[in-house]
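Me: I'm new to reading protein models. Could you take me through one, feature by feature?

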Amino acid sequence: MSTVEPDARASPHEGHCETNLDQAIAVQAAKTAESVRAVCCLPALLTDASSAQVEAVGRFGWHLGMAVQYHNDLSDLWPAEPLNRSRYGDVRRRKITPTVVACLESGHRDSGRLAEFYGGDGEPAEEQLAAVADLSAWTGRHTSSATWW
C-alpha cells in the first residue's frame with residue numbers, strides 16, 4: 001500500500017484539459033479509492049485473516065472509495081442539499097474530473113464551450129459556474145461514457 005499523499009499521486013493528469021477518461025479515473029483511484037482500500041484492509045491485516053479475505057476487503061474498500069469520489073464530484077456540480085463546502089468548487093478551480101472528461105468527450109455541440117471554459121484561467125464569474133454545471137448536465141446526457149456514472 002502506498003503512503004504517498006493523495007494530491008501527489010493525482011498531479012500528473014489532474015487539471016489538464018487533455019486528460020482522457022482513463023487518466024481521470026486513475027486520478028480518482030489514486031486519490032480516494034486506494035486510501036479507502038488501505039483503511040479497510042488495516043483491521044483485516046491485524047487479525048488472522050487470510051490473504052484472500054484481506055484482498056476481498058480491499059476490493060470492497062476500493063469500490064467504496066470510487067463511489068465516494070464520484071458522489072463528491074457530482075454533488076459539486078448538482079448538489080441535492082446544502083453542502084458544508086462551496087458549491088461549484090471543482091468547477092471554480094477548473095478541476096478535470098471523470099464527469100468533466102466524459103462531457104468533453106461526448107461529441108455534443110456544447111462540449112467545445114466546456115473545453116473553452118476548462119482551458120481558460122482566472123476567476124470565473126458566479127453565473128459562469130452555473131452555466132458550466134448546466135452545460136455539463138446537457139453534454140453528459142449525450143455521452144457514450146454515461147454507463148460509468
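**A salt bridge inside a helix**

Reply: Let's start with a pair of residues in one helix. Glu34 and Arg37 both belong to helix α2 (residues 21–45), where they sit three residues apart, about one turn of the helix. Bear in mind as we go that this is a predicted model.

Me: How far apart are the closest N and O atoms of Glu34 and Arg37?

Reply: They are 2.8 Å apart, and the two residues form a salt bridge. To call a salt bridge, you look for a side-chain nitrogen of Lys or Arg within 4 Å of a carboxyl oxygen of Asp or Glu. By this rule the count comes to seven salt bridges.

Me: Why does Glu34 count as partly exposed?

Reply: Residues under 20% relative accessible area are buried and those over 50% are exposed, with partly exposed in between. Glu34 has 28% relative accessibility, so it counts as partly exposed.

Me: Which residue forms a salt bridge with Arg59?

Reply: That's Glu55, and here the closest N and O atoms are 3.9 Å apart. Both residues lie in helix α3, four residues apart, which is about one turn of the helix. Arg59 is partly exposed because its relative accessible area is 45%. Glu55 is partly exposed too, with a relative accessible area of 43%.

Me: And Asp90 and Lys95: are they buried or exposed?

Reply: Asp90 is buried, as its relative accessible area is 6%. Lys95 is buried as well, at 13%. The two form a salt bridge, with their closest N and O atoms 4.0 Å apart. Look for Arg93 here too: salt bridges that share partners join Asp90, Arg93 and Lys95 into one network.

**Following a helix**

Me: How many residues does helix α3 have, and how far does it reach?

Reply: Helix α3 covers residues 51–77, which makes 27 residues, and it reaches 39 Å from its first C-alpha to its last. That is close to the 39 Å expected at 1.5 Å a residue.

Me: Which residues of α3 are buried?

Reply: Among them are Val54, Gly58, Gly61, Gly65 and Met66, and further along you'll find Gln69, Tyr70 and Leu77. Val68 is also found in helix α3, but at 44% relative accessibility it counts as partly exposed.

Me: What kind of patch does Val68 help to form?

Reply: A nonpolar one on the surface, together with Phe60 and Leu64. Those three have about 270 Å² of accessible area together.

**Rings**

Me: How do I read a pair of aromatic rings?

Reply: You describe such a pair by the distance of the centres and the angle of the planes. In this case, a search of the whole structure finds one aromatic pair. The ring centres of Phe117 and Tyr118 are 5.1 Å apart and their planes are at 90°, so the pair is edge-to-face. Both Phe117 and Tyr118 are buried.

Me: Which residue lies over the face of Phe117?

Reply: Arg94 does, at 4.4 Å from the ring centre.

**The whole chain**

Me: Stepping back, how many helices and strands does the protein chain have?

Reply: There are seven helices and zero strands, so to speak a simple list to follow: read along the sequence, the pattern is α-α-α-α-α-α-α. As for burial, 40% of the 149 residues in the protein chain are buried.

Notes: Residues are numbered from 1 along each chain as its sequence is written. This is a predicted model: local features need pLDDT of at least 70, side-chain atom pairs count only at pLDDT 80 or more; totals for chains, interfaces and linings use all residues. Side-chain values use heavy atoms; hydrogens and water are left out. Helices (H or I, at least four residues) and strands (E, at least two) are DSSP runs, numbered from the N terminus. The expected span of a helix is 1.5 Å times one less than its number of residues. Buried means under 20% relative accessible area, exposed over 50%, partly exposed in between (1.4 Å probe, protein chains only). Rings of Phe, Tyr and Trp (its six-membered ring) pair if their centres lie within 6.5 Å; planes under 30 degrees apart count as stacked, over 60 as edge-to-face and the rest as tilted. A charge sits over a ring if NZ of Lys or CZ of Arg is within 6 Å of the ring centre and within 35 degrees of the ring normal. Patches are made of residues with over 30% relative accessible area and no salt bridge: like charges are joined within 9 Å, nonpolar side chains (Val, Leu, Ile, Met, Phe, Trp, Tyr) within 5 Å. Accessible areas come from the Shrake-Rupley method with a 1.4 Å probe; for residues, only the protein chains shown count as cover.
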